[in-house]
Amino acid sequence: MGWGRAYFGVQATAGAVWWITVFLSSDVRTATLGELDPVVVALWDVPLFVLMSALAAFGGRIAAVVATAWTTLVASALAGYATMTTLAGAGAVLMIASAAASVVALFLLCTGRVLTERLLIGPLRFRTASPAATRFRHVRATAVQVAIFWGVLLGVVPLVIGAFEQRWQLSVEFPLAVTVAGWIVFALAIALGIWAAVVMSTRGAGTPLPSDTATRFVVGGPYRFVRSPMALAGIAQGAAVGLMVSSWLVVIYAVCGSLVWNFIVRPHEERDLEARFGGAFRRYREQVRCWWPRLRPIPASVTAGVPQPSR
């Protein structure tokens, strides 16, 4: 509850400062409101955004609901306005970020936590692969999963984000060196992701997807260096795509993806692994970091007592 109240306090303060700046600076007013009348907008936004956020900071749950609902409505309206007029793009981005953060803060204020388990549905639902399936089936399923997820998350979504970035006149041109670095990181991340996918599908008797997860505890290949090579590869690829196409919003999208995976998916995934593999996974987790690779590979003996596929 404390973090939720703290966020609404910060939001109320930031909103008040922003409105003062809007009336003092024409540049800020144009960048965030376009040609909208600031007086008319302020008559609605100050009580429903600033004041409600301030009341939420003192524990007012109804105020938190009102502030979150209003912020979400304004974010949607500003996004539509920016798309139609090419104005107020900065305001749209700020309100989208504020709406997302308000939803999280609302959960923290009302329930003390974010109900992340309710998000684990469909392809994110944890189920083990069929023990009767062949290795070829696991490899084929993994290839399909990688093609779909990379195609959508690293292709379609960045294209959509880039289109909005252009339309909202927020795009900037990155230096050539940054673009080249993006291509290098992208190539390395692809190699890491494929390596991890091959190891998981051929040695783990399953796939990297939670809904068809491996039935054997795999400590091999990149998993001897870092605990979540597939996630690390995906986040690095997303950031690299942003550098390659000169899109700072795509880079932010990749960072947000890392936060979603780290705080929503990973805790449930690791609880599932600990429940199924017990001490072997705990020993592995103690020696291998989630994001930062080891310089030397961990010895395979860390999983002593857990059946492993033949090399």
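Accessible areas here come from the Shrake-Rupley method with a 1.4 Å probe. On that basis, the protein in this predicted model exposes about 16200 Å², and carbon and sulfur atoms supply 72% of that area. It's a helices-and-no-strands affair: ten helices, zero strands.

**Overall build**
- Reading along the sequence gives you α-α-α-α-α-α-α-α-α-α.
- The C-alpha trace spans about 70 × 45 × 35 Å along its principal axes.
- Of the 311 residues in the protein, 40% are buried.
- Take the contacts with a separation of 6 or more, and 71% of them turn out to be between residues 24 or more positions apart.

**Helix 6, the nonpolar patch**
- Helix 6 covers residues 135–167, and V156 sits in it.
- V156 helps make a nonpolar surface patch of about 550 Å², together with V144, I148, V152, L153, V160 and F164.
- With a relative accessible area of 47%, V156 counts as partly exposed, because that class runs between the 20% and 50% cut-offs.

**Helix 6, a buried acid**
- E165 is also part of helix 6.
- E165 is buried but has no salt bridge, and the nearest side chain of opposite charge, R167, is 14 Å away.
- So who does E165 touch, leaving aside neighbours within four places in sequence? E165 is in contact with L170, S171, S246, S247, W248 and L249.

**Aromatics**
- The structure holds nine aromatic pairs.
- F217, F277, F281 and Y284 are linked into a cluster by ring pairs.

Key
Residues numbered from 1 in each chain as written. Predicted model: local features only at pLDDT ≥ 70, side-chain atom pairs only at ≥ 80, totals over all residues. Heavy atoms only, no water. Patch = residues over 30% accessible without salt bridge, like charges linked within 9 Å, V, L, I, M, F, W, Y side chains within 5 Å. Salt bridge = Lys/Arg side-chain N within 4 Å of Asp/Glu carboxyl O. Helix = DSSP H or I, 4+ residues; strand = E, 2+ residues; numbered from the N terminus. Buried < 20%, exposed > 50% of the residue type's maximum accessible area, 1.4 Å probe, protein only. Lys, Arg positive; Asp, Glu negative; His and termini not counted. Contact = heavy atoms within 4.5 Å. Phe/Tyr/Trp six-rings, centres within 6.5 Å; stacked < 30°, edge-to-face > 60°.
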